[in-house]
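Me: I have a protein model open and I am not sure how to read it. Can you take me through it step by step?

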Amino acid sequence: MSQHVRGVVARAKGEPVRVETVVVPDPGHGEAVVKVQACGVCHTDLHYREGGINDDFPFLLGHEAAGVVEQVGPDVTDVAPGDFVVLNWRAVCGRCRACRRGRPQYCFDTHNARQKMTLADGTELSPALGIGAFAEKTLVAAGQCTRVDPAASPAVAGLLGCGVMAGIGAAINTGAVGRGDTVAVIGCGGVGDAAVAGARLAGAAKVIAVDIDDRKLSTARSLGATHTVNSRTTDPVEAIRGLTGGFGADVVIEAVGRPETYRQAFYARDLAGTVVLVGVPTPEMQLELPLLDVFGRGGALKSSWYGDCLPSRDFPTLIDLYLQGRLDLDAFVSETISLDEVEDAFARMHKGDVLRSVVIL
């Protein structure tokens, strides 16, 4: 029997979101219904509202979530009712060429629930990143549920579902930051700050945070940055070189997603160093670099999609580190809000007033 719950819906491009009745069907084969306990307000949700992802309105927003499995469909064995889980937007298939080669974090055929949640009048909803967790309950593929230690607060656990995992993974998984490395992070929003925390966790000797906002730089320092650079007033490339003996950083993580900042990252790395792009560009952006410089500087230019994470491996590990006091996930939660306050949270996020607003249900 389907259930009627409250959820945050974006009906049309640029229009304010509103709380509406959402119909959640019983889970089918390989699906699960999750009672959502907390969901972070991510820039991606705002991109959906603004039509920056696609135009499959109406959207059920929210994707950075944690909750408790309430029901599972036939053939579901990895999770059961009562499990505390973090939701992810990449349920791996286990059959594609990446999965068969033992690299499921690069799965080329990830999937979501097959059934659709709807509005009360039967209009099908497009769940943000296949999740739709600004709702009291949501329907997902069971593979999108990762069990973690229930001792963790849902407000912090859910953040691993997107931004925090993207940043930490960009440092640890994609950038392969190691003990003694020098790391620079350009852009200190939620993802960039998570990259700072990830670099510190990996044992980097020097972590240089770059942003145009001193408030964000202060937060980055509290999360592990050893040095900060305000690029509004200082050339970040020269500053990073100056802090690394004139050489540049071993790993530079670009968490903005703009051609200008990518060029800065490219020239701020050491010879044979690594650039990691985790900031998301828009479709019209173009990058131009001298091919001789690409060749002559060596190293690697990488893109990090979801922090190259494997949720079944990474989520429980990071929660354990949090519970041990070695990863300060609490620092990412700026405020907790209700479903009715999501639109206001978008405004605060757009102004840079918060690191993460978290909806508590």
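Reply: We go from the whole chain down to single residues. Keep in mind that this is a predicted model.

Me: How many helices and strands does the protein chain have?

Reply: The chain has 11 helices and 18 strands.

Me: How compact is the protein chain for its length?

Reply: Compare two numbers. The radius of gyration is 20 Å, and the globule rule gives 21 Å for 361 residues. These values are close, so the chain is as compact as a globular protein of that length. Its C-alpha atoms fill a box of roughly 65 × 45 × 40 Å along the principal axes.

Me: What share of the residues is buried?

Reply: Of the 361 residues, 53% count as buried. Look at the contacts too. Take those between residues at least 6 apart in sequence: 68% of them join residues at least 24 apart.

Me: Now a single helix. How many residues of helix H8 are buried?

Reply: Start with the general idea. An α-helix has 3.6 residues a turn, so residues three or four places apart point the same way. Now the case here. H8 runs over residues 259-268, and seven of its 10 residues are buried. That is why H8 is described as largely enclosed by the rest of the structure. The buried ones are Pro259, Thr261, Tyr262, Ala265, Phe266, Tyr267 and Ala268.

Me: Which elements do the buried residues of H8 pack against?

Reply: Both helices and strands. The helices are H7 (236-242) and H9 (291-297). The strands are E11 (182-186), E14 (249-254), E15 (269-277) and E16 (300-303).

Me: E16 leads on to a loop. Where is serine 304 found, and is it buried or exposed?

Reply: Serine 304 is in the loop between E16 and H10. Its relative accessible area is 7%; buried means under 20%. Therefore serine 304 counts as buried. Its side chain makes a polar contact of 2.7 Å with the side chain of threonine 174. Leaving out residues up to four places away in sequence, serine 304 also touches others, including Ala166, Val276 and Leu277.

Me: Let me try threonine 138. What is its relative accessibility?

Reply: The value is 0%, so threonine 138 counts as buried. This residue sits in strand E9, residues 137-141. A polar atom of its side chain lies 2.5 Å from the backbone oxygen of isoleucine 131. Beyond four places in sequence, its contacts include Val24, Val34, Leu87 and Met117. Sequence distance and spatial distance are separate things. Threonine 138 and proline 27 are 111 residues apart in sequence, yet their C-alpha atoms are 10.0 Å apart.

Me: What about empty space? How many cavities of 30 Å³ or more are found?

Reply: The general idea comes first. Rolling a probe the size of a water molecule over the atoms shows where empty space is left. In this structure, the search finds one cavity of 30 Å³ or more. The largest cavity holds about 30 Å³. Its lining is Glu64, Leu159, Gly163, Val164, Gly190, Phe332 and Arg356. By type, that makes three nonpolar, two polar and two charged residues.

Me: And pockets? What is the volume of the second largest pocket?

Reply: The volume is about 670 Å³. Thirty residues line this pocket, and Asp78, Ala91, Val92, Ala142 and Gly143 are the closest to its centre. The lining divides into 13 nonpolar, nine polar and eight charged residues. Strand E10 (145-147) and helix H10 (311-323) each supply at least two of them.

How values were computed: Residues are numbered from 1 along each chain as its sequence is written. This is a predicted model: local features need pLDDT of at least 70, side-chain atom pairs count only at pLDDT 80 or more; totals for chains, interfaces and linings use all residues. Side-chain values use heavy atoms; hydrogens and water are left out. Helices (H or I, at least four residues) and strands (E, at least two) are DSSP runs, numbered from the N terminus. Buried means under 20% relative accessible area, exposed over 50%, partly exposed in between (1.4 Å probe, protein chains only). Contact means heavy atoms within 4.5 Å. A polar contact is a pair of N or O atoms within 3.5 Å; within protein, one must be able to donate a hydrogen and the other to accept it, and residues adjacent in sequence count only if both atoms are side-chain atoms. On a 1 Å grid over the protein atoms alone, a cavity is a set of points where a 1.4 Å probe fits but cannot get out, and a pocket is an open set with protein on both sides within 12 Å along at least five of seven lines; lining residues have an atom within 4 Å of a point. Grid points are joined across faces, edges and corners, and a volume is the space filled by probe spheres set on the points. Ala, Val, Leu, Ile, Met, Phe, Trp, Tyr, Cys and Pro count as nonpolar, Asp, Glu, Lys and Arg as charged, and the others, Gly among them, as polar. The radius of gyration is taken over C-alpha atoms; the globule rule is 2.2 Å times the number of residues to the power 0.38.
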